[in-house]
Amino acid sequence: MEEIKIEVPVEPPKELETLFLPIPKDYVEDTYRKDDFLILVGPQHPGSGHMRLIVRVKGDIIQEVIPDPGYVHRSMEKLAENRLYIQNIPLVERPAIMDSANFNLGYVRAIESAMDIEVPERAKFLRTILAELCRIGTHLYDAAILAVFIGHTTGFMYPFGIRELICEALARMTGARFTSSFIIPGGVRRDVEEKTLRWVYDATFAIEKRLKSFERIFIKNPTTIARLRDVGVLSKEEAIRFGVVGPFLRASGVEYDTRIVEPYEAYEEVTWDIVTADEGDGYARFLVRVNEVSQSLGIIRQCITSMPEGRYVSEQICDDVKGNFFDKFGNLVLPAGEYTTLTEAARGTLLFTIVSDGESNVPYRVRIVTPGWLYLRGFMESLKGERLADLQAIYGSFGYFPPEADR
Amino acid sequence: MEEFTKFVRGGILGPIKKWGTKWSLWPVHLVTACCGAELAHAFACGYDGERIGALNYGIARQTNLIIVEGAITRKMARVLRITWEQMPDPKFVIVMGACGLNGGIFWNGYNLVKPSEVVPVEFFIPGCPPTPEALLRGIRQLQIKLDKGVAENSLTFSEIALEKGKKPKVLPVSPKVVSNAPSIVVAVKKAVDWEFGKQLCDRLKAIGRAVITAKNRIALKVEVENLRSAAMKLKDLGFDHVKSVNVIDVPNEGKFIVEFLISSYSVKELMPVLVNLYTEISRKEPKISSLSDIFPSADYLEREMQDFFGVNFVGNPWKGKFILAPDTPEFPLRKDFKLEAESYVGD
């Protein structure tokens with residue numbers, strides 16, 4: 001159908017200035033002149049965490065989306081420059097508290113690579129269990145938020161019911177439901193008893209059983225499939241070009257997982273498969289994460305059955321953490337240089353860069369690049385050409401978590 | 001109308017209205033930070049907050065309670081106020097998390113606002129994050145307040161006077177040691193067993209000064225004017241995305257070090273390799289050409305650095321603030337912007 005051009009003599013409303021739009025004024029005027037609409041999605045919306053999307057639509061087809069992030073920017077990089085290395089461990093896990101172990105792991109590994117600390121085997125296995133528990137927890141959290149986005153309340157309740165088991169497992173192992181700060185340079189804070197590990201082992205089967213009913217209710221639900229299939233497609237080339245990370249990259253057919261390309265902790269010693277899909281649409285992104293949950297359950301079971309005996313913290317640091325934590329860790333000074341680690345957090349590649357000057361016991365610069373911040377560009381690109389009604393489904397399929405992206 | 005309002009509140013219908021409000025406290029969806037995870041648990045099947053008449057709802061116009069979940073940033077403070085103003089009377093605010101009280105772990109951050117300065121707060125729930133039980137207790141406490149008319153602490157502890165002589169006379173010194181004239185070296189050579197890296201390093205030497213800093217990490221220094229051509233050459237080698245853009249401020253040498261961490265998804269043997277393409281620019285006139293047209297993945301990362309350091313990435317279409325609020329201090333990550341230092345407080 002041929003488009004009829006009409007000059008519409010409309011002016012943008014005066015209230016526009018009070019909205020603090022981060023886009024230039026002539027962009028708004030241009031939108032008005034071309035008979036497009038600007039729709040502000042957020043910042044207060046029924047998702048998890050807040051951000052504003054400035055959506056330009058023609059009819060109900062999305063032409064362009066401009067993100068307005070920073071509603072949860074808590075100045076983490078600056079704060080990290082002003083605290084001792086050890087004080088930063090609780091700080092760096094705050095971006096995504098359901099994924100705390102992976103965030104701790106990335107930061108702590110940067111310190112370990114700088115100081116050449118060899119981590120004992122048992123500690124590596126314990127760290128892997130924690131990281132995988134957090135990965136399952138985050139994927140379930142995202143599945144629940146996706147269900148809220150597409151208006152499926154039962155789909156919200158089920159993953160959170162399963163998450164209670166994850167929280168219980170974390171509480172039994174580390175003492176905290178979310179923010180455990182359990183991983184420290186050289187190992188972990190405490191040894192974990194055999195009885196607790198046995199409980200976690202049994203819990204993985206309970207989780208698996210409950211996931212089956214979740215599959216029937218939500219994952220294989222025709223309405224879910226109808227909402228998610230073929231929306232927000234990112235092709236392989238696009239995903240690479242816009243630097244998408246983690247499960248969202250693998251859903252577009254790229255076999256990249258930091259746990260495989262640059263193995264850390266115990267990932268080389270357990271067998272598991274990398275989960276990929278070729279479609280690159282919303283449903284593929286969701287399914288990849290669902291399948292990763294079962295891989296993670298397998299990793300946890302293998303770690304528990306083949307758990308080696310031994311120390312839980314490296315003898316390069318101290319014999320026992322209990323009682324002399326501040327003495328041993330308070331005055332860490334890294335040798336001068338720059339240290340970068342890549343970690344596969346639940347939502348994708350997490351990058352920590354620590355720059356040390358070699359004299360201070362605070363870092364000179366800490367750069368945290370979270371997966372959410374990396375795939376934001378790809379997320380915005382995938383919205384182009386979709387219908388406005390699919391925005392929520394695509395948002396949910398990416399599991400975008402603003403506190404993580406904004407840091 | 002006023003008479004009617006007065007009648008509803010104080011007349012014979014008053015107690016019924018009070019009772020109705022008490023059992024229908026609907027919090028608006030205003031997940032301001034990470035405590036939202038525990039809020040979701042409180043209203044999911046594990047704790048079931050709905051049984052005390054509270055359930056999250058999407059639209060501010062149809063709700064009467066805000067649960068502020070943790071940190072309120074400068075950008076979010078406006079939204080919090082607008083949401084509060086949109087809600088019909090009577091309305092209440094509960095603040096959850098230590099960040100909402102006095103900043104918590106982020107107490108001296110440059111981007112935080114106390115929620116109690118933005119909206120009137122009924123109850124605070126401390127914790128980082130508070131458990132769902134604590135949150136439900138906060139909601140119960142609000143219901144009790146509606147009944148009695150006064151807000152009370154849900155827990156009171158008996159006070160014990162500190163014995164004399166136990167207080168330290170001299171305050172301890174800060175454990176922090178900060179160098180006055182730090183020297184920043186980004187590329188520290190390290191001998192590692194990595195054959196492919198040595199080959200790659202030889203190839204990269206045509207572009208700039210390449211140094212292996214660790215396994216799978218190569219630092220590549222180029223001059224400012226050669227940055228774009230170096231990026232082009234890296235792209236031809238098979239590197240296809242930027243993982244991080246980083247700026248390091250070195251005020252005592254008057255320079256910024258700008259780094260692009262470049263890696264590859266499409267070439268299998270380059271996947272683990274992370275090339276740190278870096279250059280130095282003057283601190284007085286921080287200007288560097290943008291790589292966002294060569295690597296679109298660098299776009300948002302560059303905008304962020306533009307906000308944090310005031311480094312002008314020439315060629316990046318974005319002008320103005322991206323992640324920071326309009327009233328955040330200028331260029332907060334520069335070293336001359338100091339945060340309030342922590343100190344021991346004496347008697």
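User: How many helices and how many strands does the secondary structure of chain B come to?

Analyst: The model is a predicted one, in which local features need pLDDT of at least 70 and side-chain atom pairs count only at pLDDT 80 or more, while totals for chains, interfaces and linings use all residues. Residues are numbered from 1 along each chain as its sequence is written, and chains are lettered from A and ligands numbered from 1 in the order in which they are written. With helices (H or I, at least four residues) and strands (E, at least two) read as DSSP runs numbered from the N terminus, the secondary structure of chain B comes to nine helices and 13 strands.

User: What radius of gyration does chain B have, set against that of a compact globule of 347 residues?

Analyst: The C-alpha trace of chain B spans about 90 × 55 × 40 Å along its principal axes. The radius of gyration is taken over C-alpha atoms, and the globule rule is 2.2 Å times the number of residues to the power 0.38. A compact globule of 347 residues would come near 20 Å, whereas chain B has 28 Å.

User: What percentage of the residues of chain B count as buried?

Analyst: A residue is buried if 20 or more other C-beta atoms lie within 10 Å of its own, exposed if 12 or fewer do, and partly exposed in between, with C-beta atoms placed from the backbone. Of the 347 residues of chain B, the share that counts as buried is 42%.

User: Which element of chain B gives the largest share of the side that touches chain A?

Analyst: Two residues are in contact if their C-beta atoms, placed from the backbone, lie within 7 Å, and the contact takes 72 residues from chain B and 66 residues from chain A. Helix H3 (36-43), helix H4 (74-86), strand E7 (209-214), strand E9 (241-250) and helix H9 (299-309) of chain B each supply at least two residues of the side that touches chain A. The largest share of that side, six residues, comes from E9(B).

User: How do the residues of the side of chain B that touches chain A divide by class, and how many are charged?

Analyst: Ala, Val, Leu, Ile, Met, Phe, Trp, Tyr, Cys and Pro count as nonpolar, Asp, Glu, Lys and Arg as charged, and the others, Gly among them, as polar. On the side of chain B that touches chain A there are 44 nonpolar and 21 polar residues, and the charged ones number seven.

User: Which are the edge strands of the open sheet E6-E7-E8 of chain A?

Analyst: Strands pair if DSSP finds at least two bridges between them, and in this open sheet of three strands the pairing is antiparallel. Strand E7 (residues 348-356) of chain A joins E8(A) over five bridges, and Phe352(A) stands opposite Ile368(A) in E8(A). The edge strands, each of which pairs on one side only, are strand E6 (337-345) and strand E8 (365-369) of chain A.

User: Which elements of the sheet does helix H14 of chain A touch?

Analyst: Axes are lines fitted to C-alpha atoms, for helices over the stretch in contact, and angles run from 0 to 180 degrees between N-to-C directions. Helix H4 (residues 100-115) of chain A lies across E6 and E7 of chain A, at about 150° to E6(A). Helix H14 (residues 371-383) of chain A, whose direction makes about 125° with that of E7(A), packs on the sheet and touches E6, E7 and E8 of chain A.

User: Why does H4(A) count as oblique to H5(A), and at what angle do the two pack?

Analyst: Ser100(A), Ala101(A), Asn102(A) and Leu105(A) of H4(A) meet Arg127(A), Leu130(A), Ala131(A), Cys134(A) and Arg135(A) of H5(A). Angles under 35 degrees count as roughly parallel, over 145 as roughly antiparallel, 65 to 115 as roughly perpendicular and the rest as oblique. The angle to helix H5 (residues 121-149) of chain A therefore makes H4(A) oblique to H5(A). The axes lie 7 Å apart, and the packing angle is about 135°.

User: Why is H15(A) largely enclosed, and how many of its eight residues are buried?

Analyst: Ala393(A), in helix H15 (residues 391-398) of chain A, has 23 other C-beta atoms within 10 Å and is therefore buried. Not counting residues up to four places away in sequence, Ala393(A) touches Phe149(A), Ile150(A), Arg227(A), Leu228(A), Val231(A) and Gly282(A). The buried residues of H15(A) are Leu391(A), Ala393(A), Ile394(A), Tyr395(A), Gly396(A), Ser397(A) and Phe398(A). H15(A) is largely enclosed by the rest of the structure because, of its eight residues, the number buried is seven.
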